[in-house]
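Biologist: Got a minute to go through this one with me? I'd like to start with the cavities.
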Number of protein chains: 2
Amino acid sequence: MELDDRKRKILLAIIQNYQDTGEPVGSRTISKMNDLNYSPATIRNEMADLEEMGLIVQPHTSAGRVPTDKGYRLYVDHLLTNEETGLTASEGGQLPGTHMEQLLSKRMDRVEEMLMRMAQVLAANTQYTTMVTGPHYKQNKLKFIQLSAMGGGKLLAVIVLNGNIVKNNILDIGSDIGQEALSRLNFCLNNNLNGLSIEEINLPLITKIKDEAGENADAAAAVLDAVAAAFDKEDSMPVYTSGATNIFKYPELADNEKISNLINVLEEKKELGTALGVVSPNGSKQDIQVYIGDEVPVESMKDCSVVTATYQMGDGVQGKIGIIGPRRMDYQKVVETLKATMNQLDGIFKKPEE
Amino acid sequence: MELDDRKRKILLAIIQNYQDTGEPVGSRTISKMNDLNYSPATIRNEMADLEEMGLIVQPHTSAGRVPTDKGYRLYVDHLLTNEETGLTASEGGQLPGTHMEQLLSKRMDRVEEMLMRMAQVLAANTQYTTMVTGPHYKQNKLKFIQLSAMGGGKLLAVIVLNGNIVKNNILDIGSDIGQEALSRLNFCLNNNLNGLSIEEINLPLITKIKDEAGENADAAAAVLDAVAAAFDKEDSMPVYTSGATNIFKYPELADNEKISNLINVLEEKKELGTALGVVSPNGSKQDIQVYIGDEVPVESMKDCSVVTATYQMGDGVQGKIGIIGPRRMDYQKVVETLKATMNQLDGIFKKPEE
DNA sequence: GTTAGCACTCAAACGCATAGAGTGCTAACA
DNA sequence: TGTTAGCACTCTATGCGTTTGAGTGCTAAC
């Protein structure tokens with residue numbers, strides 16, 4: 001069966017109406033809309049066709065129609081490829097970037113705090129739940145290491161990776177090292193390791209470093225362990241969430257067990273990496289992905305939809321932002337908000353780098 | 001009216017029964033218990049007295065009795081002052097410290113991760129919600145500062161406070177400083193500041209440092225700002241939570257709006273400091289506090305009870321652990337679990353310090 | 001002081017009728 | 001041939017009266 005123009009219009013009308021109300025949409029409602037001057041009976045015939053095509057369903061025999069995942073997919077694909085469609089602009093309310101602009105222009109030095117705030121603002125603006133991963137490096141390299149004596153046989157190793165990702169490690173090396181020996185060890189490590197990726201730190205190099213370190217070989221080994229840990233991806237991928245309680249606003253998600261599962265995933269931050277998907281190695285700038293219902297790769301989110309975007313921080317550092325809402329999420333608004341946010345982020349991170 | 005022994009026994013029986021079931025307790029239920037061989041009518045008379053004393057109430061005329069906050073308070077005070085009361089030991093299930101022992105014996109170097117895990121284990125063991133503050137210093141002092149050049153006019157300032165609390169700050173100072181000048185600045189700052197508390201860094205000292213820094217006075221000022229930020233308490237008090245979804249298990253908290261508010265507070269971590277109370281300056285070792293219902297200082301937790309404990313990490317560093325559950329929380333189990341946890345923490349942090 | 005008995009209360013559960021939104025089908029119409 | 005009015009039918013949600021049962025307070029007897 002063919003999806004002609006009238007059918008498409010009706011599908012769109014159903015989706016829009018369902019987005020607003022959350023209730024199944026009947027033929028009479030559609031027939032009363034301005035641009036569709038047909039009787040309910042005609043609409044009903046078309047609806048029967050749309051149902052046959054798997055784009056809408058009835059929750060029960062005598063109810064209106066609700067879009068299926070397939071129906072939403074059609075709508076979203078249409079939305080993403082063809083920007084200025086017959087869809088009305090996201091109606092009024094808060095302008096997507098209003099608060100965001102002030103927030104981002106502050107240019108906080110603590111990137112993490114900024115990301116947290118960003119999650120909060122996005123959640124408040126969209127009324128959905130937001131998750132943001134910390135910055136993540138494509139192909140990470142060691143910038144430099146700084147060792148300091150802490151007394152009590154402890155050594156502070158500050159490890160800085162490309163993209164200014166800083167990791168602290170307090171190492172217990174048994175006994176204190178003299179100031180001069182520490183300087184030498186510091187120099188030795190930096191001399192041998194700076195600019196290398198984790199793969200380039202191989203056994204011969206490690207042996208060489210231990211040789212050069214002499215009596216402080218143990219300390220050198222401890223620092224190398226810390227370096228390995230600093231490169232560990234899991235570790236360097238914190239996820240910030242905000243607006244988890246927004247899901248209470250959508251009655252179709254109101255099942256207590258489901259809410260509980262979802263909030264649990266958000267709190268324990270276990271599967272959020274999966275939900276956000278992999279950062280595509282050579283992804284385009286605004287790599288916006290939409291997962292609808294069952295398409296979401298996390299079990300407890302299969303009643304929701306998730307929209308993700310990749311942010312670029314210059315210098316090859318990037319991360320992901322995800323917005324979780326009900327299936328009947330306002331995809332248009334969310335996609336627009338994400339695009340605007342990405343643009344602003346780009347502007348801020350590009351300028352001061354030059 | 002006097003609270004004689006029989007009345008106390010009946011109150012205890014009501015509390016225990018209500019803890020198990022969450023339902024109002026009737027006179028017949030109490031009368032069937034082993035150690036109270038009285039007819040329901042007798043029990044009813046006593047119950048009427050207990051109600052008059054404000055220790056129990058009826059949710060409605062023809063319902064059983066439920067303990068009031070005042071009733072719980074009596075019970076908890078009794079529990080805390082007089083350890084080995086007629087109360088049966090916390091019955092079976094998971095031995096409080098089982099997993100905790102393995103966890104803590106690992107002695108992770110990353111204290112924060114350990115605290116997060118601790119929150120998780122406590123939540124799993126108790127089936128309540130847990131919050132843990134990061135380590136917090138009573139009267140904090142600067143241990144040392146380490147400056148490193150990062151290129152691009154950026155400076156990495158690593159600030160270490162007493163108790164090995166490490167803060168990173170990337171400072172933008174406009175133009176790079178030469179290696180030698182940086183060494184001098186580093187020495188100057190450490191020479192003047194090490195061992196001082198925030199109050200001791202006063203204007204004359206700041207002027208002196210700027211003088212000594214000479215042309216790098218701006219950079220010195222930036223570092224001093226970073227030091228002030230490092231001392232900022234709000235900033236150094238992360239709160240980890242776990243088991244937020246455990247509240248779904250208790251039907252008396254099942255009101256969606258209340259759950260939403262509570263989870264929101266837990267997620268945004270706003271008022272958790274208030275909920276955990278102030279760390280008492282000269283508190284005893286295991287400073288266990290119980291807040292029942294309306295006693296909890298946070299609005300959205302007034303339907304819950306909160307039990308807090310102070311943990312000591314040696315060297316004057318301490319923090320707070322809080323457990324949030326329904327009013328009918330198993331106070332005995334929670335208090336015991338917390339005490340056991342505190343003891344284990346003490347053992348671990350004391351030993352390697354000597 | 002304790003207990004049996006009884007009338008009373010109230011929330012929750014149940015059954016049942018009703019309203020109303022919406023459908024599919026058929027037949028008539030342009 | 002596409003569109004529409006009309007109608008019988010379906011199914012959920014709502015409201016309402018009834019019943020059930022747990023529990024109480026009071027009184028009178030032990």
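Modeller: Sure, here is a quick chat about cavities and one residue.
Modeller: Heads-up: this is a predicted model, where local features need pLDDT of at least 70, side-chain atom pairs count only at pLDDT 80 or more, and totals for chains, interfaces and linings use all residues. Residues are numbered from 1 along each chain as its sequence is written, chains are lettered from A in the order in which they are written, and side-chain values use heavy atoms, with hydrogens and water left out.
Biologist: How many cavities of 30 Å³ or more are there?
Modeller: The count is 2. A cavity here is a set of points, on a 1 Å grid over the protein atoms alone, where a 1.4 Å probe fits but cannot get out; lining residues have an atom within 4 Å of a point.
Biologist: What volume does the largest cavity have?
Modeller: About 50 Å³, taken as the space filled by probe spheres set on the points.
Biologist: Which residues line the largest cavity?
Modeller: Leu253(A), Lys258(A), Ile259(A), Leu262(A), Ser300(A), Asp303(A) and Cys304(A). They divide into 4 nonpolar, 1 polar and 2 charged.
Biologist: And the second largest cavity, what lines that?
Modeller: Ala149(B), Lys154(B), Leu155(B), Ile173(B), Asp176(B) and Ile177(B), around a volume of about 30 Å³.
Biologist: New topic: is Glu52(A) buried or exposed?
Modeller: Exposed, because its relative accessible area is 64% and exposed means over 50% (1.4 Å probe, protein chains only).
Biologist: How far is Glu52(A) from Met1(A) in space?
Modeller: 8.8 Å, C-alpha to C-alpha, with the two 51 residues apart in sequence.

Technical notes
1 Å grid on protein atoms, 1.4 Å probe; cavity = no way out; pocket = protein on both sides within 12 Å on 5 of 7 lines; lining within 4 Å. Nonpolar A, V, L, I, M, F, W, Y, C, P; charged D, E, K, R; others polar. Buried < 20%, exposed > 50% of the residue type's maximum accessible area, 1.4 Å probe, protein only.
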